[in-house]
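Hi,

Here is the structure I promised to pass on. Have a look at it first, and my notes on what turned up are underneath.

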Amino acid sequence: MRATGFKDDGVFNSSLALTRTTTPVSILVECGYLIHPYERVKLTDEEFQQTVAEGIANGVEKHLRYLKNHSYKRLKSSRRESL
């Protein structure tokens with residue numbers, strides 16, 4: 001959200017086919033609303049699209065690092081408990 005400067009409408013947990021019981025991890029990203037005049041202009045700007053793409057990529061990388069670090073800690077902890 002920081003990359004866009006748009007209002008954060010929060011996270012909604014919903015049973016969308018795209019995000020439900022998939023083997024690969026999935027995300028749904030809404031970058032803005034075409035019905036909002038200011039956002040429509042920004043969403044059609046190539047430089048802004050690049051900014052949004054970089055923001056999404058950075059967020060995914062950050063989440064993957066988080067998962068990697070926490071998975072390692074859990075694995076290490078469970079090994080200690082089994083000894």
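On secondary structure, the protein has two helices and zero strands. Bear in mind that this is a predicted model. Helix α1 covers 37-43, and helix α2 takes in residues 46-82.

Not much is hidden from solvent: 7% of the 83 residues count as buried. The protein exposes about 7,600 Å², and 57% of that comes from carbon and sulfur atoms. As for contacts, if you take those between residues at least 6 apart in sequence, 46% join residues at least 24 apart.

The aromatics are where I'd start. How many aromatic pairs does the structure hold? There are two. One of them is F6 with Y38, an edge-to-face arrangement at 6.1 Å centre to centre and 75° between the planes. That pair links distant parts of the chain, since F6 sits in the segment before α1 and Y38 in helix α1, 32 residues apart. F6 also pairs with F48, this time tilted, with 5.4 Å centre to centre and 40° between the planes. Here too distant parts of the chain are linked: F6 is in the segment before α1, F48 is in helix α2, and 42 residues separate them. Put together, F6, Y38 and F48 make one aromatic cluster.

Is F6 buried or exposed? Its relative accessible area is 10%, and the cut-off for buried is under 20%, so F6 counts as buried. F48 is buried as well.

F6 comes up again around E39, a residue of helix α1. Leaving out residues up to four places away in sequence, E39 touches F6, G32 and Y33. What might catch your eye is that E39 is buried yet has no salt bridge. The nearest side chain of opposite charge belongs to K7, and it is 8.5 Å away. A salt bridge here would need a side-chain nitrogen within 4 Å of a carboxyl oxygen, so K7 at 8.5 Å does not make one with E39.

Last, the surface. I27, V29, I56, V60, L64, Y66 and L67 make a nonpolar patch of about 590 Å². One of its members, V29, lies in the segment before α1. Why does V29 count as partly exposed? Its relative accessibility is 40%, and partly exposed means between the 20% and 50% cut-offs, so V29 falls in that class.

To go back to the start of the chain, F6 is the residue I'd click on, as it pairs with Y38 and with F48 and is touched by E39.

Cheers

Technical notes:
Residues numbered from 1 in each chain as written. Predicted model: local features only at pLDDT ≥ 70, side-chain atom pairs only at ≥ 80, totals over all residues. Heavy atoms only, no water. Helix = DSSP H or I, 4+ residues; strand = E, 2+ residues; numbered from the N terminus. Buried < 20%, exposed > 50% of the residue type's maximum accessible area, 1.4 Å probe, protein only. Contact = heavy atoms within 4.5 Å. Areas by Shrake-Rupley, 256 points an atom, 1.4 Å probe, with all protein chains shown as cover. Patch = residues over 30% accessible without salt bridge, like charges linked within 9 Å, V, L, I, M, F, W, Y side chains within 5 Å. Lys, Arg positive; Asp, Glu negative; His and termini not counted. Phe/Tyr/Trp six-rings, centres within 6.5 Å; stacked < 30°, edge-to-face > 60°.
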